[in-house]
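User: Hey, can you walk me through this fold? I'll throw short questions at you as we go.
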Amino acid sequence: MQAWRVHRNGEPSEVMELDETDRPTPGDGQVLIEVRAANVNFPDALLCRGQYQVRPPLPFTPGVEVCGVTADGRRVLATPALPHGGLAEYVVADEAGLLPAPDSLDDAEAAALHIGYQTGWFGLHRRARLQAGETLLVHAAAGGVGSAAVQLGKAAGATVIGVVGGPEKAAVARELGCDLVIDRRSEDIVTAVKEATGGRGADVVYDPVGGDAYAKSVKCIAFEGRVLVVGFASGAIPTPGLNHALVKNYSIVGLHWGLYNTKDPAAVRACHDELTELAAQGVVKPLISERVPMADAARAVQRVADGTSTGRIVVLPSGGTR
């Protein structure tokens, strides 16, 4: 089969190679899956660079989530077992972790309804306890993770403010349903949020960026607000001033969605059921900006690494959508 593999760490476009290799062999409790669509995530870039919290042995195949078909014909969502990631024609995954692909979504959309939307749902509902009528500030609102949070925030009845970089991404965020879009390149985030909220600030901040995004967030967080730390796409990990959190009376809340797979797998399945229903109702729909063939996977991962993409880029190993 064909699989993209990383033989040394570095930038995705430089270190990913399309190889002919053997199909992976399922172990106990695992199944072989033919990949129909592999969603590109920022962790794929971190894996290539050797900067992810998991460092599989070289060579390895990136790709942390797929939609595919099992040998018995089930259409499923899966997180492949590294080092055999999803940017391949076949993967193996734990049977217990498989989720049924929603019938209302095609393969590319279904692949993107997994980690990003689960992260958004657990972050907004389980960790930040977002309430209807509250104001949600979403950084990188036009990206894969941010776009999911925007849709889930609107579904929860929140007023959603999206922060983006550039007019093209601003247009995408408006189409997603943001009530207000702030272009961080030409507008001051703190001033715009305070003006939009009558000086109160945002009740919940969804931050997959870190760095300056976090620094600006705590300057416009509301009384009893919650800053949800999801990731550090900027590459800069903030150092919170706990004295500031004390004086302004806000919470800093962390989210590592992957822990729920081991700590509370039933909650993951319940979340998937709710996401499937929201997708069936048309309330949420993954934003797929590009569907690319297998040959273009390395360039796709590099674009996500560089922050130039919007929504999700999905690789289609078989060239089809279902």
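Analyst: Sure. When I say one part covers another, I mean contact, that is, heavy atoms within 4.5 Å. And keep in mind that this is a predicted model.

User: Good. What covers the buried residues of α2?
Analyst: The cover includes β1 (2-6), α1 (12-15), β2 (16-20), β3 (30-39) and α12 (297-306).

User: And which residues of α2 are the buried ones?
Analyst: In helix α2 (residues 42-49) they are Asp44, Ala45, Leu46, Leu47 and Cys48.

User: What happens just after α2?
Analyst: Gly50 comes there, with a positive phi of about 75°.

User: You mentioned α12. Why call it largely enclosed?
Analyst: Because seven of the 10 residues of α12 are buried, the rest of the structure largely encloses it. The buried ones are Ala297, Ala298, Ala300, Val301, Gln302, Val304 and Ala305.

User: What sits over those α12 residues?
Analyst: The cover includes β1, α1, β2 and α2, along with β14 (288-293) and β15 (312-316). So α2 and α12 each show up in the cover of the other, going by the 4.5 Å contact cut-off.

User: Which residue just after α12 has a positive phi?
Analyst: Gly307, at about 75°.

User: Switching to strands. How many residues of β4 are buried?
Analyst: Six of the six residues in strand β4 (residues 65-70) are buried, which leaves the strand mostly covered.

User: How does β4 run relative to β3, parallel or antiparallel?
Analyst: Antiparallel, with six bridges joining β3 to β4. One pair to look at is Ile33 and its bridge partner in β4, Thr70.

User: And which way does β5 go against β4?
Analyst: Also antiparallel: four bridges join β4 to strand β5 (residues 75-78). There, Val69 stands opposite Arg75 of β5.

User: What links β4 and β5?
Analyst: They form a hairpin with four residues between them. Gly73, in the turn, has a positive phi of about 90°.

User: Where do side chains point in a strand, generally?
Analyst: In a regular strand they alternate between the two faces of the sheet.

User: OK, what's the strand order in the open sheet of six?
Analyst: The order is β10-β9-β8-β11-β12-β13, and the pairing is parallel. The edges are β10 (180-183) and β13 (251-254), each pairing on one side only. On average, neighbouring strands of this sheet are turned by 20° against each other, direction ignored.

User: How many bridges hold β11 and β12 together?
Analyst: Five, in the parallel sense, between β11 (residues 202-207) and β12 (residues 221-229). Val204 has Arg226 in β12 as its bridge partner.

User: Which strands does α5 lie across?
Analyst: Helix α5 (residues 144-155) lies across β8 (135-139), β9 (159-164) and β11. Its direction is at about 170° to β8.

User: And α7?
Analyst: Helix α7 (residues 189-196) lies across β8, β9, β10 and β11, running at about 165° to β10.

User: Last one: Pro317. Where is it, and is it buried or exposed?
Analyst: Pro317 is in the segment after β15. With a relative accessible area of 14%, it is buried, because the cut-off for buried is under 20%.

User: What does Pro317 touch further along the chain?
Analyst: Not counting residues up to four places away in sequence, Pro317 touches Val35, Arg36, Ala37, Ala88, Glu89 and Met294. The C-alpha atoms of Pro317 and Glu34 are separated by 9.2 Å, although these residues are 283 residues apart along the chain.

Methods
Residues numbered from 1 in each chain as written. Predicted model: local features only at pLDDT ≥ 70, side-chain atom pairs only at ≥ 80, totals over all residues. Heavy atoms only, no water. Buried < 20%, exposed > 50% of the residue type's maximum accessible area, 1.4 Å probe, protein only. Helix = DSSP H or I, 4+ residues; strand = E, 2+ residues; numbered from the N terminus. Pairing = 2+ DSSP bridges. Axes fitted to C-alpha atoms, helices over the stretch in contact; angles between N-to-C directions.
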